[in-house]
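Let's take a walk through this one together. Have a look at it first, and then we'll go piece by piece.

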Amino acid sequence: MATTTHQKYYVPHDSAWPIVGALALLLIGYGAATWISQLDQPEARSGPWVFGAGFALLVVTLFGWFGKVIDESQRGLYSAQLERSFRQCMSWFIFSEVMFFLAFFGALFYARVVAVPWLDGAGDNAMTAAILWPNFEAAWPLLQTPGGTATQAMPWTGIPLLNTLILLASSVTLQVAHVAIEQGKRLRLKLFLSITVLLGVVFLFLQGYEYMHAYRDLGLRLDSGVYGNTFYLLTGFHGLHVTIGALILLVMLLRIVIKDHFTAQRHFGFQAAAWYWHFVDVVWLNLFVFVYVL
Amino acid sequence: MSTQVTGTLDAHGAAGRPRDHDHKPRGLARWLFSTNHKDIGTLYLLFSLAMLFTGGSLAMVIRAELFQPGLQFVDPHFFNQMTTVHGLVMVFGAVMPAFVGLANWMIPLMIGAPDMALPRINNWSFWILPCAFAILLSTLFMEGGAPAAGWTFYAPLSTKYSGDSTAFFVLAVHLMGVSSIMGAINVIVTIWNMRAPGMGWMKLPLFVWTWLITAFLLIAVMPVLAGVVTMVLTDKYFGTSFFDAAGGGDPVMFQHIFWFFGHPEVYIMILPAFGIVSTIIPTFARKPLFGYESMVIATASIAFLSFIVWGHHMFTTGMPVVAELFFMYATMLIAVPTGVKVFNWVATMWRGSMTFEVPMMFSLAFIVLFTIGGFSGLMLAIIPADFQYQDTYFVVAHFHYVLVTGAVFGIIAAVYYWIPKWTGVMYDERLAQVHFWCSLVSVNMLFFPMHFVGLAGMPRRIPDYALQFADLNAFMSIGGFLFGLSQLLFLWGVVRCMRGIGDKATDRVWEGAQGLEWEVPSPAPYHTFDTPPVVK
Ligand code: HEM
Ligand SMILES: [Cu+2]
């Protein structure tokens with residue numbers, strides 16, 4: 001429980017960043033909704049602009065807000081208790097992310113184990129199959145949908161395997177960097193953190209290449225039935241998380257290289273970034289097994 | 001464990017914190033930029049009040065249309081928009097933010113913390129909410145109108161057959177989710193990390209316990225809601241077929257994912273109310289709560305069970321029999337911990353020296369009427385019976401008993417109970433009693449006959465009905481209008497306190513009140529427990 005000696009818990013003064021951040025989210029939400037609902041009207045352009053403005057404002061907010069937090073932290077305002085708050089918040093945030101991915105994994109499992117077999121008459125659904133989709137044959141990956149859309153499967157060898165190795169390696173290099181920061185070995189820290197970021201970028205690059213390959217050569221598209229749906233949403237949201245994770249790590253790297261931030265004892269920002277990266281890595285392992293291999 | 005407290009600043013703290021003890025920013029800035037848990041709590045509560053009346057107005061439209069059979073005032077599509085937006089506004093705009101507001105105000109006071117764990121995030125969580133509802137409510141004025149697929153937005157109603165407001169609805173829900181998740185993280189970490197020395201787990205007030213568990217539920221299921229609305233979005237606009245059999249998906253899958261969120265969600269809306277009632281009953285019975293540990297265990301078991309009962313909303317979708325049976329028995333199991341709670345509340349009053357101020361009246365009404373809702377829930381949990389009841393007004397009766405006379409009555413009880421502490425002014429007991437009795441009578445006029453018309457087969461979400469339901473519907477509509485009007489008394493009572501009209505409240509306010517929040521002056525100073533109190 002709480003320690004017995006209290007440095008006062010730092011309660012910040014008023015701040016404009018939260019409400020600016022809320023405004024940013026309003027613009028992003030409204031812009032994105034306008035944009036998406038007008039996708040079929042190419043002449044309507046307000047959506048992307050509003051969205052873009054919101055996004056820019058969000059970036060400004062993040063810089064301003066985190067800048068303030070870093071400044072406060074550097075000035076030593078944060079007690080051990082507050083650091084614990086940060087840690088716990090980050091852990092719960094990652095838990096919420098796990099649940100987000102779980103929704104899509106749930107959809108994947110449901111489609112594979114229940115929806116697709118049922119369409120072919122499994123369980124007591126013989127009549128569904130006979131009347132609605134007499135020619136449909138259940139299979140996974142679902143290469144031919146009941147409606148007749150055809151696609152090809154993405155093999156797990158090749159890029160996906162390579163990408164798995166890359167992410168695993170990045171987790172290892174990040175761990176090395178983590179140990180280095182704790183031992184105060186700054187050069188090694190910089191080196192291995194840079195390698196980690198680089199591996200992340202390579203991963204994203206390969207993933208983009210894989211998507212192009214899928215669209216061009218395999219006919220595996222976002223609208224290729226539930227196989228394509230789950231494939232793209234799972235890998236896509238994962239890719240988005242890799243992007244964010246790599247950006248965070250990059251910011252950490254810049255803080256270390258340029259500003260010489262973090263000490264062997266106090267480096268929560270770095271630690272949180274590392275947790276996030278490992279989490280993204282674990283998600284990928286699940287993806288690799290359930291989306292690609294099995 | 002040592003309970004010694006040293007409140008001195010070390011060198012670091014002194015450097016960065018020249019805070020004048022009661023320094024309070026002035027004007028609009030105080031509210032826009034706040035990092036103060038009390039101000040943010042107030043903002044949440046006022047927002048919730050505004051949404052209560054917004055959602056309430058939509059309900060008045062529904063009841064006006066249903067006053068007589070036939071189509072009277074609105075066309076069916078608009079009627080569907082009303083039921084949909086009413087549900088969304090009440091669930092995400094009125095009930096949930098009210099509880100977050102209460103958590104903001106009371107949890108730091110109850111556990112002896114200086115504020116919430118991350119005050120700026122706290123402010124962000126709040127301000128996202130009005131933004132989300134601005135987006136949602138703007139759809140009412142769009143061409144094609146607001147979402148009309150019901151607050152449960154089942155596919156394909158929300159995908160194939162929905163209007164262009166769908167994208168706005170989805171993005172609005174995303175923002176609500178972001179707000180709730182951040183709010184919940186703040187609550188959970190505050191409770192976990194910021195209890196005053198000596199405030200052990202088993203000394204936590206029950207409101208804090210129930211909120212801890214609620215926050216866990218929120219963090220666990222709001223992301224799942226985000227996931228399912230995302231799938232709705234891609235199904236509608238990007239050609240995916242998660243919920244479309246032609247592409248290998250399944251509309252029933254929507255229901256599985258939605259209700260995996262949805263059932264824990266209904267407990268999110270009731271557990272804090274359990275906490276409130278468990279706080280109020282002992283005060284006015286002047287006895288400690290009966291069975292504190294069993295209350296905690298019951299809350300935790302309810303939360304656990306709430307993850308494995310979602311299928312009871314889907315009995316008629318043709319799940320395999322084994323699944324149906326599993327969901328039926330698991331659902332019935334929830335009645336056990338719920339029964340423990342009701343028993344404990346009653347046992348707390350047993351031989352107490354009771355008085356019946358308004359918070360107590362609402363709590364007593366809560367116990368009786370929530371239990372009616374629990375019983376109708378049990379009836380709905382019986383598969384063959386549910387085949388008959390599903391999608392009738394019986395279901396509407398059930399969830400309005402648990403949500404209005406449950407959650408909302410809990411919130412109102414909490415407001416009356418703590419508003420003297422917030423404003424330093426005692427509410428007008430006479431006015432409040434009138435409010436209570438008007439609400440009690442009208443709410444039952446409104447919702448009780450729904451059981452009967454439901455059992456007799458009146459379907460929900462339809463603007464017209466068969467002639468034999470006419471009398472009861474007229475009666476229910478009158479109850480509805482009266483209930484709506486009665487809440488103006490509540491508004492008046494709250495405004496009086498906020499404007500300082502009324503007797504000055506004492507620090508303890510209630511003779512039998514227990515807990516740290518009553519140790520501080522009324523109104524509670526802007527900053528409390530800068531130095532943690534020692535709890536023995
Ligand atoms: C003893 C505990 C409970 C049981 C056994 C129970 C059971 C059920 C069942 C079986 C249904 C589905 C009815 C149908 O659609 O055919 C249902 C619906 C519902 N319940 Fe409960 N319930 C309980 C408590 C609660 C509580 C505490 C709340 C909220 C505070 C709640 C809110 C709802 C809502 C909102 C719906 C309707 C959702 C919709 O279709 O719009 N229930 N309940
Ligand atoms: Cu339920």
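**Starting from the ligand**

Of the helices in chain B, α14(B) gives the most to the shell around ligand 1, with 7 residues. Keep in mind as you look that this is a predicted model. The shell holds 25 residues, and the closest are B:Val266, B:Gly377, B:Leu380, B:Gln390 and B:Phe399. If you want to see which elements give two or more residues to this shell, look for α11 (321-349), α12 (358-381), α13 (383-389) and α14 (393-423) of chain B. What kinds of residues make up the shell around ligand 1? They divide into 14 nonpolar, 10 polar and 1 charged.

Now step back and take in chain B as a whole. Its secondary structure comes to 16 helices and 0 strands. The C-alpha trace spans about 70 × 50 × 45 Å along its principal axes. How does the radius of gyration of chain B fit with that of a compact globule? For 536 residues, a compact globule would have a value near 24 Å, and chain B has 23 Å, so the two agree. Buried residues make up 57% of the 536 residues in this chain. As for how the chain meets itself, take the contacts in chain B between residues at least 6 apart in sequence: 84% of them join residues at least 24 apart.

There's also a record to bring in here. An unreviewed UniProt entry carries the annotation "domain: Cytochrome oxidase subunit I profile", and that annotation covers residues 31-536 of chain B. Over residues 31-536, the chain is 68% helix and 0% strand, and the C-alpha atoms at the two ends are 36 Å apart.

The domain assignment cuts chain B in its own way, giving domain 1 (39-262) and domain 2 (270-522). The C-alpha centres of domain 1 and domain 2 of chain B lie 19 Å apart. How many residues of these two domains of chain B are in contact? On the domain 1 side there are 41, and they are in contact with 42 residues of domain 2. Four helices of chain B each supply at least two residues of the domain 1 side that touches domain 2: α3 (37-65), α4 (76-111), α7 (206-237) and α8 (251-268). The largest share of that side, 12 residues, comes from α4(B). By kind, the residues of the domain 1 side divide into 28 nonpolar, 11 polar and 2 charged.

Time to move over to chain A. Here you'll find 8 helices and 0 strands, so to speak a chain you can follow helix by helix, with the pattern α-α-α-α-α-α-α-α along the sequence. Along its principal axes, the C-alpha trace of chain A spans about 70 × 45 × 40 Å. Of its 294 residues, 40% count as buried. Among contacts in chain A between residues at least 6 apart in sequence, 70% join residues at least 24 apart.

Chain A is divided into domain 1 (15-77) and domain 2 (78-293), and the C-alpha centres of these two domains of chain A lie 24 Å apart. The record has something to say about this chain too. In an unreviewed UniProt entry, the annotation "transmembrane region" covers residues 16-37, 49-70, 91-111, 161-179, 191-211, 231-254 and 275-293 of chain A. Try picking out two of those spans in the model. Residues 16-37 of chain A are 95% helix and 0% strand, with end C-alpha atoms 32 Å apart. Residues 191-211 of chain A are 100% helix and 0% strand, with end C-alpha atoms 30 Å apart.

For a single residue, try A:Leu250, which lies in helix α7 of chain A. Is A:Leu250 buried or partly exposed? It counts as partly exposed because it has 17 C-beta neighbours inside 10 Å, while 20 or more would be needed for a residue to be buried. Its C-alpha atom is separated by 18 Å from that of A:Met90, and the two residues are 160 apart along the chain.

Finally, see where the two chains meet: 65 residues of chain A are in contact with 74 residues of chain B. On the chain A side, α1 (17-37), α3 (80-119) and α7 (225-259) are the elements that give two or more residues. The helix that gives the most to this side is α3(A), with 21 residues. By class, the side of chain A that touches chain B has 39 nonpolar, 21 polar and 5 charged residues.

Methods
Residues numbered from 1 in each chain as written. Chains lettered and ligands numbered in written order. Predicted model: local features only at pLDDT ≥ 70, side-chain atom pairs only at ≥ 80, totals over all residues. Near = placed C-beta within 6 Å. Nonpolar A, V, L, I, M, F, W, Y, C, P; charged D, E, K, R; others polar. Domains from an automatic or database assignment. Contact = placed C-beta atoms within 7 Å. Rg over C-alpha atoms; globule rule 2.2 N^0.38 Å. Buried ≥ 20, exposed ≤ 12 C-beta atoms within 10 Å, placed from the backbone. UniProt positions renumbered as here; feature names shortened; annotations may be inferred.
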